[in-house]
Amino acid sequence: MGIHGLAKLIADQAPGAIKENDFKSYFGRKIAIDASMSIYQFLIAVRQDGNVLQNEDGETTSHLMGMFYRTIRMLESGIKPVYVFDGKPPQLKSGELVKRGERRAEAEKLLAQAQEAGEQENIEKFNKRLVKVTPQHNAECKALLTLMGVPYVEAPCEAEASCAALVRAGKVFATATEDMDGLTFGTTVMLRHLTASEAKKLPIQEFHFNRILEEMGLTHEQFIDLCILLGCDYCGTIKGIGPKRAMDLIRQHRSIEEILDNIDLAKHPVPEGWLFREARALFLKPEVVDCDTVDLRWTEPDQEGLVQFMCNEKNFSEDRIRNGCKKILKSRQGSTQGRLDTFFSVTGSLSSKRKEPEIKGSAKKKQKTSATPGKMKRGK
């Protein structure tokens, strides 16, 4: 779910913290990708006649097609992806998981009604609502990535939290996810739309966390409190407080505790047993992968292994899989050139003055003459 309304709020309150880039501008970058979010996207987008792709045995294969081809697209553009898989969900998320289960049950009822009425549009809509990333989807994608020579990381808990830790440790440049809580976990750079379908032609949105805090005038802790007020996966929200009001309250009172002391709780009741402190602690100190033990290596693909897995087991076209292998090998040959900005350290700041161009030759002499007060001629 992420954080309700955070993307729009940042666009309104800290527009200078967002850049839009072309896909290929990330050449040479190592990027940690939220695997579950990507797999979910593939299950939703890679479909045939409104349904997920399946092999002859009725097994879902949309996630494998999406993972294979979109990872190749990144590799061809010089991007070095590392997929980060979710571990066990935190206990605080149990309430959100129950709500998701209830929404799925409701979607199943509505789907049955749409099927009985023959409403194709609604059938597709409710089918998508029932999409869920399963342990089998994850296991198959891990096997595929290994055969492709692309590294993955198994997070002990939330993938976005471990992605953020990898960014802060300098292991990767950015977190790629559609869930805005990547920022709440403190990733310094976050990318949206990196794994979106190429056909959508969506520019990559690049969020810079430190710039967000600077333009909003908040500390990391205050930003976390803002996200809790907006709505996160770990606790409820104060009734009747929308994004703009939440922003105003945080700026004025600086913490949820102070807000609770200064608002009309009869008008704005809080959830019973509200666990906002626990949610804050989870965002500040989440359980993450030990970055010191993470060794990211991109290797040559196992072509015969890929053919065995994708073609013999999953019924993909052998010609297409072998052609994909060739693209991976070609991308490895062209990825030895590094980014220019990795060889230099950036000094100064965004507000530093532009250095004036040096003036040479006759123009310099003329400027010097015109800048010196003329001497007055002595009278006779």
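Start by selecting Arg254, the residue that follows helix α11; its phi is positive, near 75 degrees. You are looking at a predicted model.

**Helix α11**

Step back from Arg254 and select residues 243-253, which make up α11. Colour its buried residues: Ala246, Met247, Leu249, Ile250 and His253. Which side of the helix do they take? They cover an arc of only 165 degrees around the axis, so they sit on the same side of α11. Now turn to the face that points away from this buried side. There you find the exposed residues Lys244 and Gln252.

Next, show what the buried residues of α11 pack against. The partners are α1 (6-13), α9 (209-216), α10 and α12 (256-262).

**Asp225 on α10**

Move to helix α10, residues 220-230, and pick Asp225. Is Asp225 buried or exposed? Its relative accessible area is 2%, so Asp225 is buried. Display its contacts, leaving aside neighbours within four places in sequence: Ile250, Ser255, Ile256 and Arg280. One of these, Ile250, is also among the buried residues of α11.

**The cysteines**

Now select Cys227. It is buried, at a relative accessible area of 0%. Which cysteine sulfur is closest to that of Cys227? The one in Cys232, at 8.1 Å, which is too far for a bond. Go on to Cys232. Its nearest cysteine sulfur is that of Cys235, 4.3 Å away, and Cys232 is in no disulfide. A disulfide here needs the two sulfur atoms within 2.5 Å. Cys232 counts as buried too, because its relative accessibility is 5%. How many disulfides does the structure hold? The count is 0.

**The nonpolar cores**

Zoom out and select Tyr83, Leu144, Leu194, Leu306 and Met310. These have the most contacts inside the largest nonpolar core, which has 57 residues. Then show helix α3, residues 62-76. This helix gives the most to that core, with 6 residues.

Centre on Leu194. Beyond its neighbours within four places in sequence, Leu194 is in contact with Phe23, Ile31, Ile33, Met74, Ile79, Ala176, Glu178 and Ile204.

For the last stop, find the other core, which lies apart from the largest one and has 45 residues. Select Ala17, Phe209, Ile228 and Phe276, which are among them.

Definitions and conventions:
Residues numbered from 1 in each chain as written. Predicted model: local features only at pLDDT ≥ 70, side-chain atom pairs only at ≥ 80, totals over all residues. Heavy atoms only, no water. Helix = DSSP H or I, 4+ residues; strand = E, 2+ residues; numbered from the N terminus. Buried < 20%, exposed > 50% of the residue type's maximum accessible area, 1.4 Å probe, protein only. Contact = heavy atoms within 4.5 Å. Arc of directions from axis to C-beta. Core = buried A, V, L, I, M, F, W, Y, C linked by side-chain atoms within 4.5 Å.
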